[in-house]
Amino acid sequence: KIELAYAKYVVSGEKRETIPMTLEKVVIHVTCPHHEKEDQIRKSMELAQKYCSVYATISQVANISLELEFV
C-alpha cells in the first residue's frame with residue numbers, strides 16, 4: 001500500500017486531420033510529490049496501463065504516452 005499526499009493528472013490529446021477523425025496522440029502527465037517508493041509508484045502506473053480497459057480501448061486508435069514526474 002502506497003499513500004500519496006496528492007497526484008495531479010493532466011491529459012491532453014491531438015485529433016487526426018484525416019477521416020476517421022479519431023484521436024492520434026494522448027499524453028497523460030502525472031505529478032506526484034517525492035516519495036521513498038517512487039519505483040513502486042512507477043510499477044503501479046505500468047500495471048494500470050496494462051489492465052485499464054479505457055487505456056486499452058483508446059490505445060487501439062491513438063499513441064498514448066505516460067509522463068510521471070516527482071516534485
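This is a short conversation about how to read a few features of a predicted model.

Reader: I have the model open. Which residues make up the largest nonpolar core?

Author: Good place to begin, and remember that this is a predicted model. The largest nonpolar core has eleven residues. From β2 and its end come Val26, Ile28, Val30 and Cys32, and the list goes on with Ile41, Met45, Tyr55, Ala62, Ile64, Leu68 and Phe70.

Reader: Which elements give two or more residues to this core?

Author: Those elements are β2, α1 and β3. Of these, β2 gives the most, with four residues.

Reader: Let me pick one core residue, Val30. Where is its place, and is Val30 buried or exposed?

Author: Val30 sits in strand β2. Its relative accessible area is 1%, and buried means under 20%, so Val30 counts as buried.

Reader: What does Val30 touch, not counting residues up to four places away in sequence?

Author: Its partners are Lys8, Tyr9, Met45, Leu66, Glu67, Leu68 and Glu69. Two of these, Met45 and Leu68, are also listed in the largest nonpolar core. You can try a distance too: the C-alpha atoms of Val30 and Ile2 are separated by 16 Å, and these residues are 28 apart along the chain.

Reader: What about Thr31: is that residue buried or exposed?

Author: Thr31 also lies in strand β2. With a relative accessible area of 13%, Thr31 is buried. Leaving aside neighbours within four places in sequence, Thr31 is in contact with Tyr6, Ala7, Lys8, Glu69 and Val71. Lys8 and Glu69 appear among the contacts of Val30 as well.

Reader: Now the cysteines. How many disulfides does a search of the whole structure find?

Author: A general idea helps here. A disulfide is a covalent bond between the sulfur atoms of two cysteines. In this structure the search finds zero disulfides.

Reader: Why is there no bond between Cys32 and Cys52?

Author: Because the sulfur of Cys32 is 16 Å from the closest cysteine sulfur, in Cys52, which is too far for a bond. For a disulfide, the two sulfur atoms must be within 2.5 Å. The surroundings can be read as well: Cys32 counts as buried at 2% relative accessibility, whereas Cys52 counts as partly exposed at 32%.

Reader: Cys52 takes me to the largest pocket. Which residues lie nearest its centre?

Author: Look for Ile28, Gln49, Cys52, Tyr55 and Ile64. They belong to a lining of 13 residues, and the pocket has a volume of about 240 Å³. Ile28, Tyr55 and Ile64 are also named in the largest nonpolar core.

Reader: Which elements each supply at least two residues of the lining, and how do the lining residues divide by type?

Author: The elements are β1 (8-15), β2 (23-32), α1 (38-51), α2 (53-58) and β3 (63-70). By type, the lining has twelve nonpolar residues, one polar and no charged.

Reader: Let's finish with prolines. What kind of peptide bond joins Ile19 and Pro20?

Author: Start with the background: most peptide bonds are trans. The one joining Ile19 and Pro20 is cis, with omega about 0°. You will find Pro20 in the loop between β1 and β2.

Reader: And where does Pro33 lie, and what does Pro33 touch, not counting residues up to four places away in sequence?

Author: Pro33 lies in the loop between β2 and α1. Its contacts are Ala5, Tyr6, Phe70 and Val71. Pro33 is buried, with a relative accessible area of 15%. The C-alpha atoms of Pro33 and Lys8 are separated by 9.6 Å, although the two residues are 25 apart along the chain.

How values were computed. Residues are numbered from 1 along each chain as its sequence is written. This is a predicted model: local features need pLDDT of at least 70, side-chain atom pairs count only at pLDDT 80 or more; totals for chains, interfaces and linings use all residues. Side-chain values use heavy atoms; hydrogens and water are left out. On a 1 Å grid over the protein atoms alone, a cavity is a set of points where a 1.4 Å probe fits but cannot get out, and a pocket is an open set with protein on both sides within 12 Å along at least five of seven lines; lining residues have an atom within 4 Å of a point. Grid points are joined across faces, edges and corners, and a volume is the space filled by probe spheres set on the points. Ala, Val, Leu, Ile, Met, Phe, Trp, Tyr, Cys and Pro count as nonpolar, Asp, Glu, Lys and Arg as charged, and the others, Gly among them, as polar. A nonpolar core is a set of buried Ala, Val, Leu, Ile, Met, Phe, Trp, Tyr and Cys residues joined through side-chain atoms within 4.5 Å. Buried means under 20% relative accessible area, exposed over 50%, partly exposed in between (1.4 Å probe, protein chains only). Contact means heavy atoms within 4.5 Å.
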